[in-house]
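Work through the exercises below with the structure open. Try each task before you read its solution.

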Amino acid sequence: MKVECKIDPDYQEQYAVLYIKKMTRRIAEIISFLEREETDSLTLTGAKEKKTFFLKPEEMVLVRTEGREIICYDKLKNRYVLDKPLYELEQILDSHFVRISKSTIINIRQINHVEAGFNGTMELVMKNGVTDYISRNYRKSFKERLGLK
C-alpha cells in the first residue's frame, strides 16, 4: 500500500484520508487506531464527593446537563460533575460520541438498546442502565451516525 504523509504545523486538526478498494479487517483496525490517537491522551476531570477523578473517554457512557451541572456517568454508573460546558465536550470527545438532544451526548459503544417513545422520540438505554431520550431534532443524525435508515 502506498502511504503519503504531509506534516504541517499550521494544521488545526489532524485528519487522514484513505483511498481503498475494499474494507478489510486490518484497515478497519487501522482506522480505529487512528480515531483513538487523539483521545488516548485525553483525560477529563470530574468531581464526586468533594474529590477529583480522572476520566478516560472510553469509560464514559453518557454526559448530560442536569439542572445547572454537566454530569458524566461511567460504566459503573458513577456520577461525576464536569467543569467543561457540553458544547466543548462535544468538540473534544472522539467520533464514538454523538449528541442525542440539546442536553445529552452519549458514547455509541455503550448503547444497550433503543426503544420507540412518545411524540417521535426514542428512548435510549445504555449498558450501565442509564436512560435518556433521542429528541426528534437529533433522531435523523443519530440514525445516520449508526448507519440506520
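**Exercise 1. Determine how strand E5 is paired and which way its side chains point.**

Start with strand E1 (residues 44–48), which pairs with E5 in the antiparallel sense over two bridges. Strands and helices here are DSSP runs (strands E of at least two residues, helices H or I of at least four), numbered from the N terminus. Two strands pair if DSSP finds at least two bridges between them. Within this pairing, Gly 46 stands opposite Leu 82 in E5.

A note on the source: this is a predicted model, in which local features need pLDDT of at least 70 and side-chain atom pairs count only at pLDDT 80 or more, while totals for chains, interfaces and linings use all residues. Residues are numbered from 1 along each chain as its sequence is written, and side-chain values use heavy atoms, with hydrogens and water left out.

Next, take strand E4 (residues 69–74). E4 and E5 run antiparallel and are joined by four bridges. Tyr 73 has Arg 79 in E5 as its bridge partner. The two strands form a hairpin with four residues between them. In the turn, Lys 77 has a positive phi of about 70°.

Now read the side chains along E5 (residues 79–82). Tyr 80 and Leu 82 point to one face and are buried. Arg 79 and Val 81 point to the other face and are not buried. Buried means under 20% relative accessible area, exposed over 50%, and partly exposed in between (1.4 Å probe, protein chains only). In a regular strand the side chains alternate between the two faces of the sheet.

**Exercise 2. Describe the surroundings of Asp 74.**

First, place the residue: Asp 74 is in strand E4.

Second, check its charge partners. Asp 74 is buried yet has no salt bridge. A salt bridge requires a side-chain nitrogen of Lys or Arg within 4 Å of a carboxyl oxygen of Asp or Glu. The nearest side chain of opposite charge is Lys 48, 6.5 Å away. For charge, Lys and Arg count as positive and Asp and Glu as negative; His and the chain ends are not counted.

Third, look for polar partners. The side chain of Asp 74 reaches the backbone nitrogen of Leu 76 at 2.9 Å. Its side chain also joins that of Tyr 80 in a polar contact of 3.3 Å. A polar contact is a pair of N or O atoms within 3.5 Å; within protein, one must be able to donate a hydrogen and the other to accept it, and residues adjacent in sequence count only if both atoms are side-chain atoms.

Fourth, list the contacts, meaning heavy atoms within 4.5 Å. Leaving aside neighbours within four places in sequence, Asp 74 touches Glu 59, Met 60, Val 61, Tyr 80 and Asn 128.

**Exercise 3. Trace three of the salt bridges and say what each connects.**

The structure holds eight salt bridges. Side chains of opposite charge can pair when their charged atoms come close.

Step one: Glu 59 and Lys 75 meet at 4.0 Å, N to O. Glu 59 lies in the loop between strand E2 (51–55) and strand E3 (60–66), and Lys 75 in the loop between E4 and E5, so the pair ties together parts 16 residues apart in sequence.

Step two: Glu 69 and Arg 79 meet at 3.8 Å, N to O. This pair links Glu 69 in strand E4 to Arg 79 in strand E5, 10 residues apart. Glu 69 is partly exposed at 35%, and Arg 79 is partly exposed at 37%. Both belong to a network of salt bridges that links Arg 64, Glu 66, Glu 69, Arg 79 and Asp 132.

Step three: Asp 94 bridges to Arg 109, with the closest N and O atoms 3.9 Å apart. Asp 94 lies in the loop between helix H2 (86–92) and strand E6 (97–101), and Arg 109 in the loop between strand E7 (104–107) and E8, so parts 15 residues apart in sequence are tied together. Asp 94 counts as buried because its relative accessibility is 9%. Arg 109, at 30%, counts as partly exposed.

**Exercise 4. Lay out the sheet that contains E9.**

This open sheet of three strands has the order E8-E9-E10, with antiparallel pairing. Its edge strands are E8 and strand E10 (131–134), each pairing on one side only. E9 and E10 pair over four bridges. Met 122 has Ile 134 in E10 as its bridge partner.
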